[in-house]
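Here are some notes for a colleague who is opening this entry for the first time. Please read them with the sequence and the structure side by side.

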Amino acid sequence: MKISRRITLSILLVLLLLLTSGYLGLHLLVEERFAELERGAIDRNQNRVVQAIGGEVGNLLRLTRDWAEWDDTYHYMADRDPRYLASNINARTFETLGFDHIAIYDGARHLLFAQGYEQGRVGPLSAEQLARQERLLARQPVGREFSGLWLDGEERLLIAGAPILTSEGEGPSRGILLLARHLDDPLLVQLRKRLSLTLALPDEQALASVLNEEQRRNLMLGERALKAAGQEITVFGALEGLEGQMILFSVTQGRMWREEGRAIANRLILWGGGAVLLFGALVLLILNQGVTARLERLAANLRLITNEGTVRRVLVEGRDELAQVALDCNQMLDTLETLREEQLMAQRRLRGQLDALLALAGSDALTREDARRAAGVVTRAICEGTGAVRASLWFCTEGEERLYCQDLYLASKQEHQQGFSMPMAMLQGRYEQSRQGDEPCLVLSDPYDLARFSAMLTQLGLTPFAGRVLMAPLHHEGELLGFIIAEHERPQQAWQADELTFVLCVCDFSTQTLLTLSKLIRLNGH
């Protein structure tokens with residue numbers, strides 16, 4: 001498959017992935033955000049209901065406190081004047097003040113008066129109602145007011161009680177006054193209008209039809225439950241009564257947040273998808289008309305490069321990435337050509353090193369007792385194998401801390417010299433201080449080190465060269481016998497790894513002979 005077709009398919013696949021991921025991402029992120037807003041609205045609405053019902057309980061408590069801390073009520077508890085009841089407790093009072101039950105108890109909590117208001121008529125409370133009311137009153141602290149929700153049989157009530165005091169709020173208390181109000185449809189209608197919410201008080205049968213057993217059990221423990229149905233969501237909550245009963249309520253609201261989130265996500269996907277498709281079309285157009293044609297020309301130029309010795313270069317067009325590819329190809333070809341030349345040079349060096357080793361191995365100078373001739377063969381092999389302009393062989397004599405030059409070979413003039421000497425510490429210290437790690441050979445290339453080495457040669461009466469210097473130690477069983485020093489003529493000449501290996505091979509090959517030679521030197525002097 002052509003690369004242009006692959007790129008086209010890749011772009012189409014990327015566009016498809018972008019559209020898919022954008023669709024999923026927007027729906028997940030946007031809808032989740034709007035779902036959070038929806039949950040926040042549910043929490044706020046639930047809290048508003050709780051606060052509204054709590055406000056109604058507070059209003060009832062304030063009304064109860066006003067009646068209980070009224071001088072007329074306080075005097076009635078003393079003289080039991082029936083005119084107080086006749087003039088103050090009637091149908092108009094119930095309707096005007098908005099409560100449904102009233103009860104008055106004396107200081108010993110004995111009932112003095114109790115009436116209720118049902119369907120426009122005032123009548124006494126039933127014995128069961130009074131008994132449940134007395135049980136509730138018995139659980140409340142003496143002399144203190146209370147208020148809250150109360151489940152009186154099947155009826156849900158808002159109830160409040162306050163001690164009967166003077167208008168100044170002073171005692172002693174002569175009893176307690178109770179007021180109660182039904183938490184029924186008329187009150188729910190008022191709360192719905194005030195809160196603009198769909199508020200209901202579901203019974204057990206209604207709950208069983210929409211919630212499972214676990215949800216109902218959690219609801220009775222004070223947790224809330226959610227039920228989504230179509231475009232509406234209902235939250236079920238519970239309010240704790242004075243006797244620990246849970247009075248359930250539900251708030252239903254529309255899922256406008258979720259629908260708004262979906263609509264926004266769809267609009268974003270529509271506009272974003274169109275922009276992505278337009279971008280993809282432009283990319284494909286540029287690719288097919290510009291990039292593909294240039295790639296084909298680049299491929300044609302690369303096919304012109306042969307391996308028959310003639311090196312061609314790729315044509316560079318423009319200054320963009322494709323032009324950089326062409327430049328990189330040309331650089332690669334230059335590098336390959338350089339590597340090929342270096343390989344040829346390395347082969348020539350290895351061939352010269354092999355010839356030098358064969359000549360050294362075949363020389364009879366190493367087997368004779370002519371120390372100077374043996375040293376001259378070694379230094380000459382070093383120059384022939386490495387291209388060094390000068391090589392020298394230095395030994396340390398027994399009992400004297402000096403190095404003696406057994407042979408110094410100058411390749412340019414094919415001259416051998418002997419008789420130079422220097423302190424052992426001078427050369428050994430420089431070698432040990434400048435050597436890198438465990439490398440056996442020391443290459444002097446730093447200008448400071450080369451200047452010091454040149455000064456040393458000048459002291460010996462020798463002319464220093466500008467090239468780098470190689471120092472190879474002669475060791476035998478941990479004993480330092482001396483050094484072989486080789487010098488290049490020009491600074492740009494570097495010591496190659498194969499040359500270092502060759503010098504070490506020469507040192508190893510000739511160490512035993514040089515050891516014997518050193519012993520002869522110690523026996524025979526210079």
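At which residues does UniProt place the feature "transmembrane region"?

1. The UniProt record, in an unreviewed entry, puts the "transmembrane region" at residues 268-287. Please keep in mind that the model itself is predicted. In this model the span 268-287 is 100% helix and 0% strand. The C-alpha atoms at its two ends are 28 Å apart.

2. An open sheet is built from four strands, and their order is β7-β10-β9-β8. The pairing in this sheet is antiparallel. Its edges are formed by β7, residues 198-200, and β8, residues 225-229, each of which has a pairing partner on one side only. From one strand to the next, the twist averages 20°.

3. At the β7 edge, the neighbouring strand is β10, which covers residues 246-254. β7 and β10 run antiparallel and are joined by three bridges. For a concrete residue pair to look up, take threonine 198: its bridge partner in β10 is threonine 252.

4. Helix α12 spans residues 424-434 and contains methionine 426. Why does methionine 426 count as partly exposed? Its relative accessibility is 30%, and partly exposed covers the values between the 20% limit for buried and the 50% limit for exposed.

5. Methionine 426 can also be placed relative to arginine 294. These two residues are 132 residues apart along the chain, and 66 Å separates their C-alpha atoms.

Notes:
Residues are numbered from 1 along each chain as its sequence is written. This is a predicted model: local features need pLDDT of at least 70, side-chain atom pairs count only at pLDDT 80 or more; totals for chains, interfaces and linings use all residues. Side-chain values use heavy atoms; hydrogens and water are left out. Two strands pair if DSSP finds at least two bridges between them. Axes are lines fitted to C-alpha atoms, for helices over the stretch in contact, and angles run from 0 to 180 degrees between N-to-C directions. Buried means under 20% relative accessible area, exposed over 50%, partly exposed in between (1.4 Å probe, protein chains only). UniProt positions are given in the numbering used here, feature names are shortened, and annotations may be inferred rather than shown by experiment.
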